[in-house]
Structures are given as C-alpha cells and as structure tokens.
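Hi,

Here is the structure I promised to pass on. Have a look at it first, and then read my notes below.

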Amino acid sequence: MLLDPAIAAVTDRIRERSRAARGRYRDKVARAQQAGPRRAHLACGNQAHAYAAMGEMKDTLVEGRAPNVGIVTAYNDMLSAHQPYETYPPFLKAAIRRAGGTAQVAGGVPAMCDGVTQGQKGMELSLFSRDVIALATGVALSHDTFDAALYLGVCDKIVPGLVMAAASFGHLPGIFIPAGPMTSGIPNDEKAKVRQRFATGEATRAELMAAEMASYHGPGTCTFYGTANTNQMLMEFMGLHLPGASFVPPGDPLREALTTAAAERSVAITALGNDYRPVADILDERAFVNGIVGLMATGGSTNLVLHLPAMARAAGVLLDLQDFADISARVPLMAKVYPNGLADVNHFHAAGGLQFMIGELLDAGLLHGDVVTVMGEGLHHYTREPRLVDGALTWAEGPRRTENDRILRPAKDPFQPQGGLVQLSGNLGRAVIKVSAVAPERHVIEAPARVFHTQEAVKQAFKAGEFTGDVVVVVRHQGPRANGMPELHALTPILAVLQDRGHKVALVTDGRMSGASGKVPAAIHVAPEAADGGPLSLLRDGDMVRLDARTGRLDVFADLSGRTPALPEEAEDDGLGRELFAVFRRNVGPATEGASAVL
Ligand SMILES: O=C(O)[C@H](O)[C@@H](O)[C@H](O)[C@H](O)COP(=O)(O)O
Ligand code: SF4
C-alpha cells in the first residue's frame, strides 16, 4: 500500500529538520561499532572484575566468543506492573545460556509508580525520574561488556527513559520485555464514580478504599489506557517488543514463552552473528512517525507528547508539536479504551488489539511498513499474533476484523476521523488537549478564570463551595522549571463533579495530566510556563478564558500588558528529596521539547 501523502510529508519534514543531528548520531554509532565486539578492547583487569562472580559462565565470558547480553531491570515492588520482573533475571539468563550466549544484570534503574505519588509531593519528581532512568541505564551499559541489551520496563517514565538510553547506546541491539497487564478488576469508570461520590461526601472512605482495591488488585499493569499501556503500544508500533507481547498477562504460559523468545532473539541479533539489528537502525524518523500514528489511532496518553520528543532526540530525530498535530489530523481514532471508553486493555486485546490496528493502518497507508524491527524487516511482522501450539511458540496471522466494534473499529469506519490529541495556541501560549475522552459539546469552553498555584488550593476552594458556575480552573507554576511538572490527575474527581452538575468546566495548566485523565477538557503543557514568565503568570480571577479544541485556540480576553507576573509561594524542601532535584529544575528544557534536563 502506498504511504499516505500527509504521513509521507510529515516524515520528510522530520527527516530534513533532523538531517544534521541524525548525521552526528549515526557517526557516533559508527565509531562505537568500529570499536568491535564489546569486550575485545577491555583490559584483563576490567574483564576479571566483570566476570569474577559469574560462576559457570566465567569461562565462556573469558573466551569471549559467545554474545553477552546486558539485562537492565526496573524491578521493584512499588509498581504492580514491575513486580513480576522480580524473577526475570535468572529466567532470562538460563534462556540465553540455552541459546548459546551469556547474560549479566548490567544494572537496575529506578521506577516511580505515579499511582502511589498521584496528588502527593513525590509527583514533583515523577517527570525528572525519566531522565534519571536514562542516566541509570547509561551507568549500567557503560560497563561496555555487552553485545545486546534487554530492557525490563513498562510504566510511564520507565520505557521513555530506557528508550532514551537504548538510543544513546544505539550500536547495541535491544529488546524491550513487558510483564503484561493486570487481570480486569471493577471497571475503571465504576472506580471513578466512587471517587466522585467520595469527593461530595456521598461515599465513605471505606467504600472508596474497597473500590480502589477492587480496581488495583494484583500484579501487572493497571488496565486503563494510560501512559504505561500507551508505552506498550509504542513498543510494538516501533518494533522494539516481540509482536503481540504487550497485553499477555503475567503468569500466562504464553507470557513465559514470549519472555524466553525475547531472550533467544537478543542472542541472535548481535554483531557477532549474521542478523545484526542495532537500535540505531530501528529508531529512525519512520519509527517515531509510526509511534505517533499509534498514539493518535488509540487515543493514547498526553504524556507521550512530552516523552516522544525526548526519546527521538536521543536518536538524532527532532520532533515538533506540529508533527503531532498534522498526524492527528490525518489518523482516525480506532479504539475506545478507558478513559476514552468503558473497555480496558484486556477487552481491547480480546477485540483484536494492536495486531488488528497495525494491519488496518498498514493497509490504509498510514504506517511506514518498510522499517527495521527486532523481529525482522518490515512492520508486517506486527500484524501477527503469538500462539502456543503443542507447547511451542509460533506467530499466526492476526485478526483482520474487530471482535467488538464498541471498543475497536476499522480505519475506514473509525470512532472519530481524527486522532485524540489536538495542539492549541493563542495569547496564553502553546498547549495540548486530549479530545478523544471529551464529549464533543465540551470541545469549546469559554468561562471566567479562577487562578490557583497548587492542586491543594483547588481542593480547598471546592470543599468551601466556591465553584458555583462555569469556570476555567487555572493551575499555574506547575511547569518543569517550577516544580517538575507534576500530573494534576487528583483534580479529576472534583472537576468531573462540577461538570456533572451542569457547569462548563475546563482546566488550563503548565503542568500535565495522567494518561488516565479524561472527560474534563484540559489544556495542559502550556508553554512558556509561568515560571519562565509565560502569560499564565499574568492571569487574574475573572479573566475570560476560551479553550477551543475545534479551532486549536487558547486565549484570554483581557489586556495583559502592564500586569505584574504573579510569583508562586516559595516551596520549602519537604524531606522527600525535592532538594536533590534542584539541578533538574534549573536545567530542564521546555515542555514543547520534551521537558528533559539531559537531552
Ligand atoms: O499517566 C498515567 O497513566 C498515570 O500516571 C498513571 O500511571 C497513574 O498511575 C494514574 O494516577 C493512575 O490513575 P489513578 O491515579 O486514577 O489511580
Ligand atoms: S500504570 Fe501507573 S499506577 Fe499502574 S503500576 Fe504503572 S505507574 Fe503505577
């Protein structure tokens, strides 16, 4: 199928914009490749230290002919999605040994659960933790004894941080290994309703706790289509998972077979063999365009509008918000998974999932098919789904029709003709809004502003009954330089209550929202941020603000000239590590470029 002209034009524009940066990147990768097999240039002492504790693998390692695979793991018990990784390293090592290689845990990386820190002080470290993960992965791989890497990570900032590092070590082949989604609990929508009833005092704390525990009830990724599951989609659309690996639950025999297969594949695609697949050959402008197409077609998390530019820049690919806007304008919304609908990722997967979508989008010419992937040449590999036949893993032709058109639709008969994310611009700056989860009649909101500097202040105003009509809630000084750009998802229940009362409600912030945020229109990632003197800092209560997702405008109808910028209250260090991240706040770039302090 010929590539759609609009997708081709965006790709050409990115390729042209990135030409110099991508050239420098490819030169760097070539230098690393010329250094030859990764251990040939290490001194005896370096190698002795590296292998000292490797037991039966030691001789093979010293001999130096078998591929050595570095495992980078984001295991911890705090993220339900990462808890299954506890047992992965010995399992992977055994599989790699059977495949003729050796393996070492190169290092661990930190992982923050945004569900644990949501609405708490820790959330101010969340976005910066992505860069910390990239740095920690760099520390792990800097031992430089590896011919390939396996990346164990699923959630919000973990996959982006790992990809930033995998691209930086682009001479190494790399495969991302997921652990799979939690089995379905109570519907996400039911949980959200109990939260709203708790916010209005109609539900007890005991009822709320029971609903939360019935929603988040076991190992695996939370089942809403938030940032973590959007990451899983990206890893298939960009060719860094094995096909169909994303949504097989932990403990399923197919899960174990896919993990084994990824281990075996990592041995097969090193420079020591004859199917060398370095990450640098996979992560080019076409892979990132394919990722953005998947983001739009699935109505994925707004956080990827921050993460993808940082991931791409690590590979010498320069993305702009206009690239997202142009792809969103061309790609249909094919999936309705919470918060965009009532289904969860398990239902989505059962309806046909990513394999159905990739097939549809390839047939529609909306994806680059001629790409390099860890599975082989071409994205067509990702239209196939894994099966266990007589105990053996095989890939079969994936579904070519949806099993549930209330969850998943063909590209020719989508839920919406355009993607879920819209760029806004106007006299308040640039912003992003996720419209796939917002009712069409709420795509334009014009109302008086109420201006706040913290989420807590909004909650206090709600409790005091101060919201009695249409309102644009402005929460400023939440940008990367101000306090690390936290998610303000804890405001969702009270904003939804106001909306359900019949008020026109919108949120405008230089902060961000969760991938699980949904039905209330929110203009987020406003840049320039208030802490950088952006117009948000000049807003006052009562200013008339208009958020228009149809025309892509964000404006205030007031003369801001002559106003003095409002400064936030000085935040005090709180014993939760805030002071350790001052260097990130000082050096972080704008949200429009991915809000990174390292790239
Ligand atoms: O971007 C995301 O997907 C969110 O960061 C998500 O990972 C986070 O955990 C939410 O807070 C979960 O939703 P609740 O807070 O509503 O449980
Ligand atoms: S999806 Fe969010 S809440 Fe769930 S484990 Fe991952 S980070 Fe935590």
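Before the strands come up, one term: two strands count as paired if DSSP finds at least two bridges between them. Also keep in mind that this is a predicted model.

I'd start with strand β3, residues 148–152. Strand β4 (residues 174–177) pairs with β3 in the parallel sense, over 4 bridges. One of the contacts to look for is L152 in β3, whose bridge partner in β4 is I177. To get from β3 to β4 the chain passes through helix α7 (residues 158–168), and this β-α-β crossover is right-handed. β3 also has strand β1 (residues 68–73) as a partner; those two run parallel as well, joined by 5 bridges. Here L152 turns up again, as the bridge partner of T73. So L152 is worth clicking on: it is bridged to T73 and to I177.

How covered is β3? Mostly: 5 of its 5 residues are buried. A148, L150 and L152 point one way from the strand, while A149 and Y151 point the other way, and all of them are buried.

Next, the overall layout. The domain assignment splits the protein into domain 1 (5–183 + 218–397), domain 2 (186–216) and domain 3 (421–593). Note that domain 1 comes in two stretches of chain, with domain 2 falling between them in the numbering. Between the C-alpha centres of domain 2 and domain 3 there are 25 Å. Where these two touch, domain 2 and domain 3 put in 4 residues each. On the domain 2 side, the touching residues are 1 nonpolar, 2 polar and 1 charged.

While you are in that part of the chain, find A210, in helix α9 (residues 205–215). Is A210 buried or exposed? Neither quite: A210 has 14 other C-beta atoms within 10 Å, so it is classed as partly exposed. Its C-alpha atom is 9.5 Å from that of K191, and the two are 19 residues apart along the chain.

Then there is ligand 2. The residues around ligand 2 are L79, S80, A81, C113, D114, G115, C155, D156, T221, C222, G226 and A228. By type, that shell breaks down into 6 nonpolar, 4 polar and 2 charged residues.

Finally, some backbone details that are easy to miss.

- The peptide bond from Y338 to P339 is cis, with omega near 15°. P339 sits in the loop between α15 (321–330) and α16 (345–351).
- A527 and P528 are also joined by a cis peptide bond, with omega about 0°. You'll find P528 in the loop between β14 (522–527) and β15 (544–548).
- D390 is not a glycine, yet its phi is positive, about 50°. It belongs to the loop between β7 (384–389) and β8 (392–397).
- H477 isn't a glycine either, and has a positive phi of about 55°. Its place is the loop between β12 (471–475) and α19 (480–483).

Why do D390 and H477 get opposite labels, exposed and buried? D390 counts as exposed because it has 5 other C-beta atoms within 10 Å, and the limit for that label is 12 or fewer. H477 counts as buried because it has 23 C-beta neighbours inside 10 Å, where 20 or more are needed.

Happy browsing!

Terms used: Residues are numbered from 1 along each chain as its sequence is written. Chains are lettered from A and ligands numbered from 1 in the order in which they are written. This is a predicted model: local features need pLDDT of at least 70, side-chain atom pairs count only at pLDDT 80 or more; totals for chains, interfaces and linings use all residues. Domain bounds come from an automatic or database domain assignment. Two residues are in contact if their C-beta atoms, placed from the backbone, lie within 7 Å. Ala, Val, Leu, Ile, Met, Phe, Trp, Tyr, Cys and Pro count as nonpolar, Asp, Glu, Lys and Arg as charged, and the others, Gly among them, as polar. A crossover is right-handed if, with the strands pointing away from the viewer, the path from the first strand over the helix to the second runs clockwise. A residue is near a molecule or strand if its C-beta atom, placed from the backbone, lies within 6 Å of it.
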